[in-house]
Amino acid sequence: MVRLARLVQRAPARAELTRARHAPGLVAAPRVGRTVRLDATVSYPDGADRHANATGRAYALTSRGRAVDLGPVSFDQAGKGAVNLPKTFVPGTAFKVAVVFDEAPLIWDAAILR
């Protein structure tokens, strides 16, 4: 019997949220509601959208460094997607959204729940 290994995404560490991986505009607005609209438009030199029709895994990192798994996020042909914040986030909560992809570096941006 052959067992296949299954890759499991891990939550990013705060140290991985570097300036080089910051994607300003990933979160559509600095103050958001429970549904966070994402724009992962990052183009290759030939103009192709890197995250068109891609699926990533989204995490919210709180100001205390806790990572909350927001689940998978499917990006459409335009590189747009959305995730929902958990009810444990109260208005005024500042957080960073990081999206981890299988075949591309993670990207992140910051927001506050209004």
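**Strands, cores and salt bridges in a predicted model**

Among contacts in the protein chain between residues at least 6 apart in sequence, 61% join residues at least 24 apart. The model is predicted.

Q: How many helices and how many strands does the secondary structure of the protein chain comprise?
A: From the N terminus on, the elements run β-β-β-β-β-β-β. The secondary structure accordingly comes to zero helices and seven strands.

Q: What percentage of the 114 residues in the protein chain is buried?
A: A residue counts as buried when its relative accessible area is under 20%. The accessible surface of the chain comes to about 7,300 Å², with 53% of it belonging to carbon and sulfur atoms. Of the 114 residues, the buried share is 39%.

Q: Which residues of the largest nonpolar core touch the most other members?
A: This core has 25 residues. At least two of its residues come from each of β2, β3, β4, β6 and β7 (107-113). The members touching the most others are Val36, Leu38, Leu85, Phe95 and Val99.

Q: How many residues form the second, separate core?
A: Among the members of this second core are Leu17, Ala98, Val100 and Trp108. The core is separate and its residues number seven.

Q: Which residues does leucine 85 touch, not counting residues up to four places away in sequence?
A: Leucine 85 is one of the residues with the most contacts to other members of the largest nonpolar core. Contact here means heavy atoms within 4.5 Å. With residues up to four places away not counted, leucine 85 touches Val32, Gly33, Arg34, Val36, Leu70, Phe95 and Leu113.

Q: In which sense do strand β3 and strand β4 pair, and over how many bridges?
A: Strand β3 covers residues 55-62 and strand β4 covers residues 67-74. Within this pair, glycine 56 stands opposite valine 73 in β4. The two strands pair in the antiparallel sense, over seven bridges.

Q: Which glycine takes a positive phi in the hairpin of β3 and β4?
A: The hairpin has four residues between the strands. A positive phi near 90° is found there at glycine 65.

Q: Which residue forms a salt bridge with aspartate 69?
A: The closest N and O atoms of the pair are 3.1 Å apart. Aspartate 69 lies in strand β4 and its partner in strand β3, so the salt bridge ties together parts that are twelve residues apart in sequence. Aspartate 69 is partly exposed at 40% relative accessibility, and the partner is partly exposed at 26%. That partner is arginine 57.

Q: How far apart are the closest N and O atoms in the salt bridge of aspartate 39 with lysine 80?
A: This pair links distant parts of the chain, aspartate 39 in strand β2 and lysine 80 in strand β5, 41 residues apart. Aspartate 39 counts as partly exposed at 26% relative accessibility, as does lysine 80 at 39%. Their closest N and O atoms are separated by 3.0 Å.

Q: Is arginine 10 buried or exposed?
A: The structure holds three salt bridges, and in one of them the side chains of arginine 10 and glutamate 16 meet at 3.1 Å, N to O. The cut-off for an exposed residue is a relative accessible area over 50%. At 52% relative accessibility, arginine 10 counts as exposed.

Q: With which side chain does the side chain of threonine 35 make a polar contact?
A: Threonine 35 is found in strand β2 (residues 35-39) and counts as partly exposed at 36% relative accessibility. Not counting residues up to four places away in sequence, threonine 35 touches Ala82, Val83 and Asn84. The polar contact, at 2.7 Å, is with the side chain of asparagine 84.

Q: What distance separates the C-alpha atoms of threonine 35 and leucine 113?
A: Along the chain, the two residues are 78 residues apart. Their C-alpha atoms are separated by 9.7 Å.

Q: Why does threonine 93 count as buried or exposed, and which is it?
A: Threonine 93 is found in the loop between β5 (80-84) and β6 (94-100). Leaving aside neighbours within four places in sequence, threonine 93 is in contact with Ala111, Ile112 and Leu113. A polar atom of the threonine 93 side chain lies 2.6 Å from the backbone oxygen of valine 90. Because its relative accessible area is 18%, below the 20% cut-off, threonine 93 is buried.

Key. Residues numbered from 1 in each chain as written. Predicted model: local features only at pLDDT ≥ 70, side-chain atom pairs only at ≥ 80, totals over all residues. Heavy atoms only, no water. Pairing = 2+ DSSP bridges. Buried < 20%, exposed > 50% of the residue type's maximum accessible area, 1.4 Å probe, protein only. Polar contact = N/O pair within 3.5 Å; in protein donor to acceptor, adjacent residues only side chain to side chain. Areas by Shrake-Rupley, 256 points an atom, 1.4 Å probe, with all protein chains shown as cover. Core = buried A, V, L, I, M, F, W, Y, C linked by side-chain atoms within 4.5 Å. Salt bridge = Lys/Arg side-chain N within 4 Å of Asp/Glu carboxyl O.
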